[in-house]
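Me: Please walk me through this structure. I would like short questions with short answers.

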Amino acid sequence: MRHVAGAAVLAATCLSLAACSEGTSDPQPSPRPALSFGKTADTAGADGKGTAQITPETVVYVDKAGADAPEHGLFAVVTFKAGNRAEESVTTTAVRGGFRWKTLDGKTIKAGNSKGARSVAPVGFNDGGGKPAVRANTYQVNTVAFDITSVEKGGTLVYVDGDGVAFRWKVPSNDSGPTALALKSALE
């Protein structure tokens, strides 16, 4: 008899758990894995129109950019290539706050988060923040800058596209990329 009663309690418990969880489960998409720095992501253009290929290529850390000094100790300056293989122009979300820096402790920093970071525009790398429109069948290289502390080096670069999808790249904690020397020189 004790065995039958235990089975009934177990069955009732299972039914109540199923009833409690029914309708309350809201599965969320799992976050995309971080891409390797230098890898390309196909992203939705601004307002979900078109496809822009975003590729972060180089990162340098500097304690001064031209006449501007960072408020938090370092500028992390990232070059990125914005490409468009379509027959019509596509607009990226770069100048609409599309880029963010996520620190190892989970803090999120928006691009251009200080007066100095907003004014970083190295010669030869287009203007800081990126020109939003990418003409048909072309690409352009732009920069984005973050004012960070030295312990925030080596974070994760996040790009939120026109559909609200976040793409992530693990950023090296030291100067890295094919144009690191040229970028550092352009920032002096």
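Me: Over the ring of which residue does the charged end of lysine 81 sit?
Reply: A charge sits over a ring if NZ of Lys or CZ of Arg is within 6 Å of the ring centre and within 35 degrees of the ring normal. The charged end of lysine 81 is 4.5 Å from the ring centre of its partner. This is a predicted model, where local features need pLDDT of at least 70, side-chain atom pairs count only at pLDDT 80 or more, and totals for chains, interfaces and linings use all residues. Numbering runs from 1 along each chain as its sequence is written, and side-chain values use heavy atoms, with hydrogens and water left out. The ring belongs to tyrosine 139.

Me: And how far is the charged end of lysine 153 from the centre of the ring of tyrosine 61?
Reply: Lysine 153 places its charged end over that ring. The distance to the centre of the tyrosine 61 ring is 5.0 Å.

Me: How many aromatic pairs does the structure hold?
Reply: Rings of Phe, Tyr and Trp (its six-membered ring) pair if their centres lie within 6.5 Å; planes under 30 degrees apart count as stacked, over 60 as edge-to-face and the rest as tilted. The number of aromatic pairs is 4.

Me: What is the geometry of the pair of phenylalanine 80 and phenylalanine 99?
Reply: The ring centres are 4.7 Å apart. The planes meet at 50°, so the pair is tilted.

Me: How many residues apart in sequence are the parts that this pair ties together?
Reply: Strands (E, at least two residues) are DSSP runs, numbered from the N terminus. Phenylalanine 80 lies in β4 (residues 74-84) and phenylalanine 99 in β6, so the pair ties together parts whose separation is 19 residues.

Me: Which residue forms an aromatic pair with tryptophan 101 across 45 residues?
Reply: The pair is tilted, at 5.4 Å centre to centre and 50° between the planes. Tryptophan 101 is in β6, and its partner is in β9 (residues 138-148). Both are buried (under 20% relative accessible area; exposed is over 50%, partly exposed in between; 1.4 Å probe, protein chains only). The partner is phenylalanine 146.

Me: Which residue in β10 stands opposite tryptophan 101?
Reply: Two strands pair if DSSP finds at least two bridges between them. β6 and β10 (residues 156-160) pair in the antiparallel sense over 4 bridges. Opposite tryptophan 101 stands leucine 157.

Me: Is threonine 103 buried or exposed?
Reply: Threonine 103 lies in the loop between β6 (99-102) and β7 (108-110). Its relative accessible area is 6%, so threonine 103 is buried.
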